[in-house]
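Thanks for sharing this one. Below are some notes, set out as numbered points that can be followed alongside the viewer.

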Amino acid sequence: MNTLSDLTPVQRSILTEFRSRIEDVLQPDQDDFHLIKWLRARNWNAESAEKMFRSDKQWRAANGVDDILASYEPPEVLVRYYPGGCCGVTKDGRAIWMELIAWADQRGLYQSVSQKEMIRFMIWRYERFYRIECPELSRKCGKRIDQCVKIVDSEGFGLKHLWKPAVDTIAAMAKVSEEHYPDTFHSIIAINLPSVLPILFGVFKPFLSTNTRSKIRLYGGDYKRRLLQDIDADQLPVHWGGTATDPDGDTYCRSKVCIGGTIPEKYYRRNMLNENKDLSRFTSVTVQSGSTLQLDFQIKAKNSLLSWNFYTEDNDIGFGVYRRSSLDLMEALLPSERVKSHVIPETGNLVCDSRGTYVVRFDNKYSWLSAKKLSYLVEVIEPESEREMEVSDPAQLSPASSSTNDIFDF
């Protein structure tokens, strides 16, 4: 929405009502365009938008958000290695934000900063976007810019990226975004689509509002051509199909977009992985010497994701995943191996390609003297089917697809 004249008479009336409801907490810079974001997030329900707006006020006060740009110094490791950035504007006057979901060194990040620090860094990015980047782009373009088009490049994304600690952090970030930065994204364009896309959306769908989900579009193998339909070439880095480069010729425009990379060990902080574990959902047991612990999981949907996260105290333990073919027979999907989970928590996942009983086994048979103190979290995540995702052309799920039917309404 570029002008208030785009509002219907009913929407104008609701906007007036909303403004009167929150008049006691409004700030001078919170104009009608700002208020419309909250109404959109609550489907133009003034009462619901008021509750959201007041809750945000309390959250900002409790977390010192209003002065975060002056009071907070983001960790160097996040500034240098957390991927993403604003690289230009679209033809219709919206900022372009590149989100590089597979380009982060996840384990390096989790050994360097806590989840709370990552979330605070994200809040700092949002505040910087609204208070510094949007005003600068608005002056440069001669029009109001307070939304962005997010381009999510999932090149290289695979099951290894569905690491439980990282998924938990992204979910927490999504919650903050939905509750406190409504209607930031005009659209979310996914490119370089991964083969695990149904699993990926199954994981993150619960954290996205209906309004946000309606903005997601999938671009296939011809994404560069399609991006240039809405973006002038000089506003898009060469790597993604435009002509923009940094002064030194860098085709990613790294001066604007951080592309991640392997984090040097000099940033690692001792025991940081342990600090990042949410122990409230873990089950703690003792696996006696010479014994095993077997956990059965009934898989009801093909291509479900079996995900695990565990750690031990002081000693290693054997770990394997099996599929039960009969009462006494099991097929080894991930043969048991000794894992140094006392050094670093072990995480992983497996796509269950058929229905049936899957067995997660912790093995301490090789130890005749030492019992193992084990804490584990094992979950089953069912995928979104093509029917449930309502993708008009299932071929869009292929990274090589060139389908032009881009609306992803799931």
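A polar contact here is a pair of N or O atoms within 3.5 Å; within protein, one must be able to donate a hydrogen and the other to accept it, and residues adjacent in sequence count only if both atoms are side-chain atoms. Please keep in mind throughout that this is a predicted model.

1. **Glutamate 127.** With that definition in hand, a good place to begin is glutamate 127, which lies in helix H7. Is glutamate 127 buried or exposed? Its relative accessible area is 4%, so glutamate 127 is buried, the cut-off being under 20%. Its side chain makes a polar contact of 2.6 Å with the side chain of tyrosine 181, and another of 3.0 Å with that of arginine 60. Setting aside neighbours within four places in sequence, the residues in contact with glutamate 127 are Arg60, Val65, Ile68, Leu69, Ile132 and Tyr181.

2. **The largest nonpolar core.** In general, nonpolar side chains in soluble globular proteins tend to be buried together. Here the largest nonpolar core has 73 residues, and the members touching the most others are Ile123, Ile151 and Trp240. Helix H7, residues 115–141, supplies the largest share of this core, with 10 residues. A second, separate core has 19 residues, among them Tyr358, Leu374, Tyr376 and Val378.

3. **Tryptophan 240.** What does tryptophan 240 contact, leaving aside its neighbours within four places in sequence? The list is Met98, Leu100, Trp103, Asp153, Ile191, Tyr223, Lys224, Leu227, Tyr252 and Val257. For anyone colouring by residue type, note that Asp153 and Lys224 appear in that list.

4. **Tryptophan 163 and helix H8.** Tryptophan 163 sits in the loop between strand E3 (148–153) and helix H8 (164–180). This tryptophan 163 is buried, at 4% relative accessible area. Its C-alpha is 27 Å from that of glycine 221, a residue 58 places away in sequence. Helix H8 itself has 17 residues and spans 24 Å from first C-alpha to last, close to the 24 Å expected at 1.5 Å a residue. Because 12 of its 17 residues are buried, H8 is largely enclosed by the rest of the structure. The buried residues of H8 include Lys164, Thr169, Glu178 and His180, along with Val167, Met173 and Val176.

5. **Cysteines.** How many disulfides does a search of the whole structure find? The count is zero. Cysteine 148 has its closest cysteine sulfur in cysteine 86, at 7.4 Å, which is too far for a bond. For cysteine 141 the closest cysteine sulfur is also in cysteine 86, at 9.9 Å, and that too is too far for a bond. The two residues fall into separate exposure classes: cysteine 148 is buried at 2% relative accessibility, whereas cysteine 141 is partly exposed at 32%.

6. **Strand E12 and its partners.** Strand E12, residues 356–363, is mostly covered, with eight of its eight residues buried. One partner is strand E7 (residues 292–299), which pairs with E12 in the antiparallel sense over eight bridges. In that region, threonine 292 stands opposite aspartate 363 of E12. Strand E9 (residues 317–324) also pairs with E12 in the antiparallel sense, over seven bridges. There, arginine 323 has tyrosine 358 of E12 as its bridge partner. Tyr358 was met above as a member of the second core.

7. **Two asparagines with positive phi.** Most residues other than glycine have a negative phi. Asparagine 43 has a positive phi of about 55 degrees, and asparagine 192 has one of about 50 degrees. Asparagine 43 lies in the loop between helix H2 (32–41) and helix H3 (46–63), where it counts as exposed at 67% relative accessibility. Asparagine 192 is in the loop between strand E4 (185–191) and helix H9 (197–204), and counts as partly exposed at 21%.

8. **Serine 71.** A last stop is serine 71, found in helix H4 (residues 68–71). A polar atom of the serine 71 side chain lies 2.9 Å from the backbone oxygen of aspartate 67. Threonine 16 is 55 residues away from serine 71 along the chain, and their C-alpha atoms are separated by 35 Å.

Technical notes: Residues numbered from 1 in each chain as written. Predicted model: local features only at pLDDT ≥ 70, side-chain atom pairs only at ≥ 80, totals over all residues. Heavy atoms only, no water. Core = buried A, V, L, I, M, F, W, Y, C linked by side-chain atoms within 4.5 Å. Buried < 20%, exposed > 50% of the residue type's maximum accessible area, 1.4 Å probe, protein only. Helix = DSSP H or I, 4+ residues; strand = E, 2+ residues; numbered from the N terminus. Contact = heavy atoms within 4.5 Å. Expected span 1.5 Å × (residues − 1). Disulfide = S-S within 2.5 Å. Pairing = 2+ DSSP bridges.
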